[in-house]
Each structure stands twice: as C-alpha cells, then as structure tokens.
Amino acid sequence: MKVNTATKKTSAKVAPAKKAAPKTPAKKDAAKGLKDLFEDSLKDIYWAEKALVKALPKMQKNATSEKLKTAIEKHITETEGHVDRLEKCFKALGKKAQAKKCDAMQGLLDEGKSIMEETQPGAVRDAGIIAAAQKVEHYEIATYGTLAAYAKVLKEDECLKNLLKTLQEEKNCDSTLTKIADTTLNAKAK
C-alpha cells in the first residue's frame, strides 16, 4: 500500500523565535549624521597613523631581510605623509587635527609586538612581521576606502583627493609585502 506523502501531515516541532539582541544605546555625543561619522573616523585613523609612525621603526629594527627593511623604511616616510594629509583634511573641514584612540589599530600593533616576541630573529620573524604589517595595511585600506566614499558623498573634494592618494599608497605597500613574502622569504621560514 502506498502512502500519499503530499497530504501526509508531519508533527515537526517549530523552534521558538530567537530574541532580538538588545540595541546598543548611543553615547551622548554620538554621530548624528555622515559628516559627524566622517570626522570621528578621521580622528580614529589619525591616531592610528601616528601610532604607526612610532611602531614601524621597531618592526624595521627586528627585520633581517634587507628587502623587508627597505619596504618598512619607505612606508615610515609614507606614513608620515599620511599624518600630514590627514591634518590637511582636518584643515579643509575647518577643524583642529585631533586624535582619538583607535582600538582596532592598538590591537593590531599589540599583535605585531607579540609576534616579534614569540619568534626567533630571522626568516620566521620576518614572515611574522609581514603578516602583522599586512593586517595593518588591510585595516587601513578598508578605512581609507570608507573615508573616501564618505568624502565623495559629502563633497569634501580636498579630503577625497588626500584620502585616495593615501589609499593607493596603502595598497602598494600591501602588494610589496606580498611580493617579498612570495619570493623567497616564506620558503626560508619553513
């Protein structure tokens, strides 16, 4: 005897609906518009770039690959330029350049320091330095891409020009680090 499955009722239990996560209350001084968010994000990356100016020489000192040392040296100079461009953005907005601690960058820098402490000098440490530096670059690429999009919508052309120039330098640095790792460095670290 065949059972008609099309009309057969099942007694499957339906899971209860999940409770929605509670909304996070906004701070008293929370951004109310895109311009506020843009300015707040500029403060965040300004802090991050200034922190990098201090952290990159430590990475360079711990690197052993001459190509890596040279790439870091170049990026130190570029990062100083990033700070300068951000100051120009603040000026274009009629604001004083102000830094606000960037928790994401602090975490990435702490991780980079930890990698250097947990690896022996040589190819393994160099590979770790590249990994830490690329995490920083990817964060910066995402940040500068977002800031450029905000500047475009807000018609902040001077900021947009400076942000796009920095974005391109961050992408170039990431590409350089990949080439250094892919050539021989990662193979030496085996």
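Helices (H or I, at least four residues) and strands (E, at least two) are taken as DSSP runs and numbered from the N terminus. The model is a predicted one, in which local features need pLDDT of at least 70 and side-chain atom pairs count only at pLDDT 80 or more, while totals for chains, interfaces and linings use all residues. Residues are numbered from 1 along each chain as its sequence is written, and side-chain values use heavy atoms, with hydrogens and water left out.

**Exercise 1. Place Ile-76 in the fold and determine whether Ile-76 is buried or exposed.**

Step 1: Ile-76 lies in helix α2.
Step 2: The terms are set by relative accessible area, with buried meaning under 20%, exposed over 50% and partly exposed in between (1.4 Å probe, protein chains only).
Step 3: Ile-76 has a relative accessible area of 10%, so this residue is buried.
Step 4: A contact means heavy atoms within 4.5 Å; leaving aside residues up to four places away in sequence, Ile-76 touches Leu-56, Pro-57 and Gln-60.
Step 5: For Gln-60, which is 16 residues from Ile-76 along the chain, the C-alpha separation from Ile-76 is 9.4 Å.

**Exercise 2. Locate Ser-65 and list what Ser-65 touches.**

Step 1: Ser-65 sits in the loop between α1 (34-62) and α2 (66-92).
Step 2: Its relative accessibility is 16%, and Ser-65 therefore counts as buried.
Step 3: With residues up to four places away in sequence not counted, Ser-65 touches Asp-126, Ile-180 and Leu-185.

**Exercise 3. Compare the span of helix α4 with its expected span.**

Step 1: The expected span of a helix is 1.5 Å times one less than its number of residues.
Step 2: Helix α4 (residues 123-154) has 32 residues, and the expected value is 46 Å.
Step 3: From its first C-alpha to its last, α4 reaches 46 Å, close to that expectation.
Step 4: Just after α4, Lys-155 takes a positive phi of about 60 degrees.

**Exercise 4. Describe the chain as a whole, beginning with its pattern of elements.**

Step 1: The chain holds 5 helices and 0 strands, following the pattern α-α-α-α-α along the sequence.
Step 2: The radius of gyration, taken over C-alpha atoms, is judged against a globule rule of 2.2 Å times the number of residues to the power 0.38. For 190 residues that rule gives 16 Å, whereas the chain has 23 Å, well over this value, so the chain is more spread out than a compact globule.
Step 3: Along the principal axes, the C-alpha atoms fill a box of roughly 80 × 50 × 25 Å.
Step 4: Of the 190 residues, 40% count as buried.
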